[in-house]
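This report is for a reader meeting the structure for the first time. It starts with the overall make-up and then turns to selected parts.

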Amino acid sequence: MNVTKGKISAGFAMGLLALFIGFGSTQAMAVEIGPVQPQPEADALVPGLAVDYIYGDYHDIDELYQLMATGTAPGVGSPLPALNYRTSEGKNVLTTKFQRFVGAHINGFIKFPAEGAYSLLVTSNDGVRFQLGGQMIWEDPDIHPDRESDPIEVNVVAPGWVALDVGYFQRKGSSALILKWKAPGAADYVVVPAEAYAHNGAK
């Protein structure tokens, strides 16, 4: 096969462009999520999200998950009413009595009131790994100041409670962990309200 150096045929160039566009389209596709089955009974749920604290001097979210995998006994914390935390330096992180070196494993459910296309935004400081319906939808793993995710497009196939699982750490300084959503047909993002969160009371 003869290839002339320094020249690319128009057909080959168009093929590369199509391939590149195809990759971009795949990355932009919405993540499809559905409610847990069966749905939890209302009398089995407690408002807010369950949280276990595993304290340490973390630099990356993988370090938290590695420690969790060893079976290190966590400290059960007071439930988080919602994911709407932003603090300045010297303030307690989440529901702890500590201002630094906090690792948190957060879990429970988030209730999507209707099916359709939602857009989510996650703000974190420091590292976070965010899963919905068993799928990781966002990760910002290292030490950083308050930083908002790109819009995360999710397609909710049916209304109801969806499993939520979040790993998060704050090393020192200020902290943030916020989830916003833009519901189908809505014009703006709003902080996900407290009534949209619950966890299993039997935990």
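How many helices and strands does the secondary structure of the chain come to? The chain has two helices and 15 strands.

## Overall make-up

The model is predicted. The chain has 203 residues, and 38% of them are buried. Its accessible surface comes to about 11100 Å², with 57% of that belonging to carbon and sulfur atoms.

Contacts that span long stretches of sequence are common by count: among those between residues at least 6 apart, 79% join residues at least 24 apart.

## Nonpolar cores

The largest nonpolar core has 35 residues. Those with the most contacts inside this core are L94, I106, I110, L132 and L164. At least two core residues come from each of the strands β3 (50-53), β6 (102-112), β7 (116-125), β8 (128-132), β11 (152-156), β12 (160-170) and β13 (175-182). The strand that gives the most is β6, with five residues.

I106 shows how such a residue is surrounded. Leaving aside neighbours within four places in sequence, I106 is in contact with L49, A50, V51, L80, L94, L164, D165, V166 and L177. Apart from the largest core lies another one, of six residues, and Y58, I61, L64 and Y65 are among them.

## Helix α2

Which residues are buried in α2? They are I61, L64 and Y65. Seen down the helix axis, the buried residues of α2 fall within an arc of 95°, so they line one face of the helix. A general point about helices fits here: an α-helix has 3.6 residues a turn, so residues three or four places apart point the same way. The cover over the buried residues of α2 includes β6, β8, β9 and β12.

Both ends of the helix have a local feature to note. At the start of α2, a side-chain oxygen of D60 comes to within 2.9 Å of the backbone nitrogen of D62. Just after α2, G71 has a positive phi of about 85°.

## Salt bridges

How many salt bridges does a search of the whole structure find? It finds six. One of them joins the side chains of D57 and R171, at 2.6 Å from N to O. This pair links distant parts of the chain, 114 residues apart: D57 is in the loop between β3 and α2 (61-69), while R171 is in the loop between β12 and β13. D57 counts as partly exposed because its relative accessible area is 40%, and partly exposed covers the range between 20% and 50%.

D62, R129 and E139 are linked in a network of salt bridges. D62 pairs with R129, and their closest N and O atoms are 2.5 Å apart. Because D62 lies in helix α2 and R129 in strand β8, this pair ties together parts that are 67 residues apart in sequence. The side chains of R129 and E139 also meet in a salt bridge, at 2.5 Å from N to O. Here the parts tied together are ten residues apart in sequence, because R129 lies in strand β8 and E139 in strand β9.

Is R129 buried or exposed? R129 is buried, because its relative accessible area is 14% and buried means under 20%. Its two partners are partly exposed: D62 has a relative accessible area of 38%, and E139 has one of 29%.

## D140 in strand β9

D140 is placed in strand β9, which covers residues 135-140. At 9% relative accessibility, D140 counts as buried. The side chain of D140 makes a polar contact with the side chain of R147, at 2.8 Å. Not counting residues up to four places away in sequence, D140 touches S124, D126, G127, V128 and R147.

## A183 in a loop

Where is A183 found? A183 is in the loop between β13 and β14 (190-191). With a relative accessible area of 27%, A183 is partly exposed.

Leaving aside neighbours within four places in sequence, A183 is in contact with A117 and Y118. The C-alpha atoms of A183 and A114 are separated by 8.4 Å, with the two residues 69 apart along the chain.

Terms used
Residues numbered from 1 in each chain as written. Predicted model: local features only at pLDDT ≥ 70, side-chain atom pairs only at ≥ 80, totals over all residues. Heavy atoms only, no water. Helix = DSSP H or I, 4+ residues; strand = E, 2+ residues; numbered from the N terminus. Buried < 20%, exposed > 50% of the residue type's maximum accessible area, 1.4 Å probe, protein only. Polar contact = N/O pair within 3.5 Å; in protein donor to acceptor, adjacent residues only side chain to side chain. Contact = heavy atoms within 4.5 Å. Areas by Shrake-Rupley, 256 points an atom, 1.4 Å probe, with all protein chains shown as cover. Core = buried A, V, L, I, M, F, W, Y, C linked by side-chain atoms within 4.5 Å. Salt bridge = Lys/Arg side-chain N within 4 Å of Asp/Glu carboxyl O. Arc of directions from axis to C-beta.
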